[in-house]
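Grab a viewer and work through these exercises with the coordinates open. Each one sets a task and then walks through a solution.

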Amino acid sequence: MNTATIQTERVDHPRSIERLVDGMPTSDGAGVKLTRVLTQDLQRRLDPFLMLDAFGSDEADDYIRGFPNHPHRGFETVTYMIAGQMRHRDSYGHEGLLQNGGVQWMTAGRGVIHSELPEQEAGRMEGFQLWLNLASRDKMTDPWYRDIQSAEIPEVRIGDVLVRVIAGSSHGVEGAMQRAVTEPLYLDLHFEGPASFRQALPVAANAFVYVYRGNVRVGDAAVGEQRMAILRNEPGSDGVVLESDGPARVLLIAGIPLGEPIAQHGPFVMNTRQELIQAFEDFQAGMFGDAQDA
């Protein structure tokens, strides 16, 4: 990265931690073991984000059956693979291989059926899936899909911190994805040793960090491995400062809340109960594309 393009992120009034959250061990798909970090009871607090799952295992039995055909409507899924290989297919003929360091960004919109199945029989599989809500006016948009290979994700080095800019922007570097309305920021921060990292955030944004290696500090508060810290929405705050005494890896995620009703049942996220009923009826009527393609 050309250092001439780097812009310093000024943070004069950093956010503090509102609370720490331990993920909930669970399983999904055909028995994939994972940790649900952002659970349904946090959806309104962390609007526009609906869910964050973290998965990681060296045991094939924990992931080998993957996520066979299943439907979605009304939001976007963002899958970030740290290690391993997963094949995506959907009911509109999209197909791609998600692998080390890559991202799969899928807009379910008005309805899609897809599968995510491992293309490995051994070794480590690790990554995250984030659900990003769509505004009511966009929930019935056409389904859309993009595979983003690791080399396509912009990176910037700030001292001893390598920043992978998946969405939004950091230090003047535009991320691989941009989204209007919710303006999501999705950074993967690699602290290579003792270091400090600053990131400006809109005062209106909801934001959180998830530590998946090592530990960091936000102000005087420590955030340990496999813990999420919800950042306080404080009047006048302009960003966040993260500090580490050694190697660590952290997701920093933020977005502008939609402030709309959230009605969810399983894989459908709409604004009203009637819209959920309609989603089930449309799915059963075969209106989510050709399932044979998924």
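**Exercise 1: the largest pocket**

How many nonpolar, polar and charged residues does the lining of the largest pocket have? Work out the make-up of the lining, then find where it comes from.

Solution. Keep in mind that this is a predicted model.

Step 1. Sort the lining by class: it has 10 nonpolar, 8 polar and 4 charged residues.

Step 2. Get the volume. The largest pocket holds about 330 Å³ of space. Of the 22 residues that line it, Asp28, Phe67, His70, Gln129 and Trp131 are the closest to its centre.

Step 3. Trace the lining back to the strands. The elements that give two or more residues are β3, β4, β5 and β11 (125-133). β5 supplies the largest share, with 5 residues.

**Exercise 2: a sheet that includes β5**

Work out the strand order of the open sheet of 4 strands, and say which strands stand at its edges.

Solution.

Step 1. Read off the order: β5-β10-β7-β8, with antiparallel pairing.

Step 2. Look for strands with a single partner. Those are β5 (67-72) and β8 (95-99), so each has one side left without a neighbour in the sheet.

Step 3. Add the twist, which averages 20 degrees from one strand to the next.

Step 4. Zoom in on one pairing. β7 (residues 85-90) runs antiparallel to β10 (residues 112-118), and 5 bridges join them. For a landmark, take histidine 88, whose bridge partner in β10 is glutamate 116.

**Exercise 3: a strand covered on both faces**

Which residues of β17 are buried on one side, and which on the other? Then find the strands that pair with β17.

Solution.

Step 1. Count the buried residues. In β17, 7 of its 7 residues are buried, so by the cut-off of under 20% relative accessible area the strand is mostly covered.

Step 2. Split the strand by face. In a regular strand, side chains alternate between the two faces of the sheet. For β17, one side carries Leu185, Leu187, Leu189 and Phe191, while the other carries Tyr186, Asp188 and His190, and all of these are buried.

Step 3. Check the pairing with β14 (residues 161-167): it is antiparallel, over 6 bridges. There, valine 163 stands opposite leucine 189 in β17.

Step 4. Do likewise for β24 (residues 248-255), which pairs with β17 in the antiparallel sense over 7 bridges. Aspartate 188 stands opposite leucine 251 in β24.

**Exercise 4: backbone oddities**

Find a cis peptide bond, plus two residues other than glycine with a positive phi.

Solution.

Step 1. Recall the background: most residues other than glycine have a negative phi, and most peptide bonds are trans.

Step 2. Scan omega. The bond between aspartate 47 and proline 48 is cis, with omega at about 20 degrees. Proline 48 sits in the loop between β3 (32-38) and β4 (49-57).

Step 3. Scan phi. Valine 181 has a positive value near 70 degrees, and glutamine 226 has one near 60 degrees.

Step 4. Place both residues. Valine 181 is in the loop between β16 (173-174) and β17 (185-191), whereas glutamine 226 is in the loop between β21 (221-223) and β22 (227-231).

Step 5. Check exposure. Valine 181 has 32% relative accessibility, so it counts as partly exposed. Glutamine 226 has 52%, so it counts as exposed.

**Exercise 5: an aromatic pair and its cluster**

What is the geometry of the aromatic pair formed by phenylalanine 268 and phenylalanine 280? Say also where the two rings come from and how exposed each residue is.

Solution.

Step 1. Run the search over the whole structure: 9 aromatic pairs turn up.

Step 2. Pick out phenylalanine 268 and phenylalanine 280. Their rings are 4.9 Å apart centre to centre, with 85 degrees between the planes, which makes the pair edge-to-face because that angle is over 60.

Step 3. Locate the partners. Phenylalanine 268 is in strand β26 (residues 268-270) and phenylalanine 280 is in helix α1 (residues 273-284), 12 residues apart.

Step 4. Compare the burial classes. Phenylalanine 268 is buried at 1% relative accessibility, but phenylalanine 280 is partly exposed at 30%.

Step 5. Extend to the cluster, which is formed by Phe268, Phe280, Phe283 and Phe288.

Terms used. Residues numbered from 1 in each chain as written. Predicted model: local features only at pLDDT ≥ 70, side-chain atom pairs only at ≥ 80, totals over all residues. Heavy atoms only, no water. Pairing = 2+ DSSP bridges. Axes fitted to C-alpha atoms, helices over the stretch in contact; angles between N-to-C directions. Buried < 20%, exposed > 50% of the residue type's maximum accessible area, 1.4 Å probe, protein only. 1 Å grid on protein atoms, 1.4 Å probe; cavity = no way out; pocket = protein on both sides within 12 Å on 5 of 7 lines; lining within 4 Å. Points joined across faces, edges and corners; volume = space filled by probe spheres on them. Nonpolar A, V, L, I, M, F, W, Y, C, P; charged D, E, K, R; others polar. Phe/Tyr/Trp six-rings, centres within 6.5 Å; stacked < 30°, edge-to-face > 60°.
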